[in-house]
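These are my notebook entries on one structure. I looked up a buried-or-exposed question, a side-chain contact and a helix packing.

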Amino acid sequence: MFWQRKDLLGLRYLTPEEINLILDTAGPMKEIIGRKIKKTPTLRGRSMVTLFYENSTRTRSSFDLAGKFLSADTVGLSSSSSSVAKGESLRDTGLTLNAMGVDVVVIRHPASGAAEYLAKCIPAAVINAGDGTHEHPTQALLDMYTIREKKGSLTGLKVVIIGDLLHSRVARSNIWGLTKMGAEVRVAGPMTLIPQDIKAMGVKVYTKVEEALAGADVVNVLRIQMERQQQGLFPSIREYSRLYGINQSRLELTAADAIVLHPGPMNRGVEIDPQIAYGNRSVITEQVTNGVAVRMALLYLLTGGEYHAISN
């Protein structure tokens, strides 16, 4: 199968075959990361801009390294240091970058749908690095790659996503991707943090976290967004931790070989106990490595590189 899409806007739009292609391509990319010399000429002569309207550490640096490991020319822009601060529209920013010969634009934006809008404005490939509360497809893809690497397959797995599902673009992308790949997805959290229509996405909803965790193969713990606490969506941080935090006793309810993921950054002691975050069931650090590999795979696929160039 060959990649035929111009952009990566969300997992809702991808087929299982396309998701598998991305995950399969990430395998040889991860081998490059493990080399002493982390460089291949695969994307020499290609250019990538990371256009971030929101702060980011993992996603932005991951894309930057992914491009550099493949020898692409990379430029990072933020809204505070670009013409956006002078009032330039997203469309005009995109057209300006396109006129400079950019091949790929990686965008993070606080408005849902911003990536799709930009993709319609420019012929360059657009990768959604998170748009509002809509999707964060590359985070979900690295989560899925990590799960498949540890479990061998996604089909039939019981995956629990716990936390602020209402505002989480990571959760939405994971749900779209995992259900397409045949996993059973369970979600849990306070009712005030669970979207009313989430059952329509094909998930099982729990308000008691212990029930959701029973026999689970994978636990994906979402970050509690402290900046939203003033909205009164749950009584207190302490109360949330007591009722929904992943600790040792709750982890014992899962399958004996269950793994724990977290998209980061972690609020240790709130949604996840430090003992779990750094324990032998945690694959959080591996998620970071796999994030670079998955983003390398996407850059490679969206720019139409030849497969044999990967091993050069």
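**Entry 1: a threonine side chain.** I began with Thr25, whose side chain reaches the backbone oxygen of Leu21 at 2.7 Å. I placed Thr25 in helix H1, which spans residues 16–33. Is Thr25 buried or exposed? I found a relative accessible area of 6% for Thr25; because the limit for buried is under 20%, I recorded Thr25 as buried. I then set aside the neighbours within four places in sequence and noted that Thr25 is in contact with Ala297, Tyr300 and Leu301.

**Entry 2: confidence.** I noted that the model is predicted. For the protein chain I read a mean pLDDT of 92, with 93% of its residues at 70 or more. Where does pLDDT stay under 50? I located this at residues 306–312, for which the model has 16 contacts beyond four places in sequence.

**Entry 3: a helix pair.** I turned next to helix H3 (residues 90–99) and helix H4 (residues 114–121). At what angle do H3 and H4 pack? I read an angle of about 50°, with the axes of H3 and H4 9 Å apart. I therefore entered H3 as oblique to H4. I also recorded the crossing of H3 and H4 as right-handed.

Which residues meet between H3 and H4? On the H3 side I listed Leu90, Arg91, Gly94 and Leu95. In H4, I listed Ala114, Tyr117, Leu118 and Cys121 as the residues they meet.

How values were computed
Residues are numbered from 1 along each chain as its sequence is written. This is a predicted model: local features need pLDDT of at least 70, side-chain atom pairs count only at pLDDT 80 or more; totals for chains, interfaces and linings use all residues. Side-chain values use heavy atoms; hydrogens and water are left out. pLDDT is the predictor's confidence in each residue, from 0 to 100. Contact means heavy atoms within 4.5 Å. Helices (H or I, at least four residues) and strands (E, at least two) are DSSP runs, numbered from the N terminus. Buried means under 20% relative accessible area, exposed over 50%, partly exposed in between (1.4 Å probe, protein chains only). A polar contact is a pair of N or O atoms within 3.5 Å; within protein, one must be able to donate a hydrogen and the other to accept it, and residues adjacent in sequence count only if both atoms are side-chain atoms. Axes are lines fitted to C-alpha atoms, for helices over the stretch in contact, and angles run from 0 to 180 degrees between N-to-C directions. Angles under 35 degrees count as roughly parallel, over 145 as roughly antiparallel, 65 to 115 as roughly perpendicular and the rest as oblique. A crossing is left-handed if the near helix is turned anticlockwise from the far one by less than a right angle, and right-handed if clockwise.
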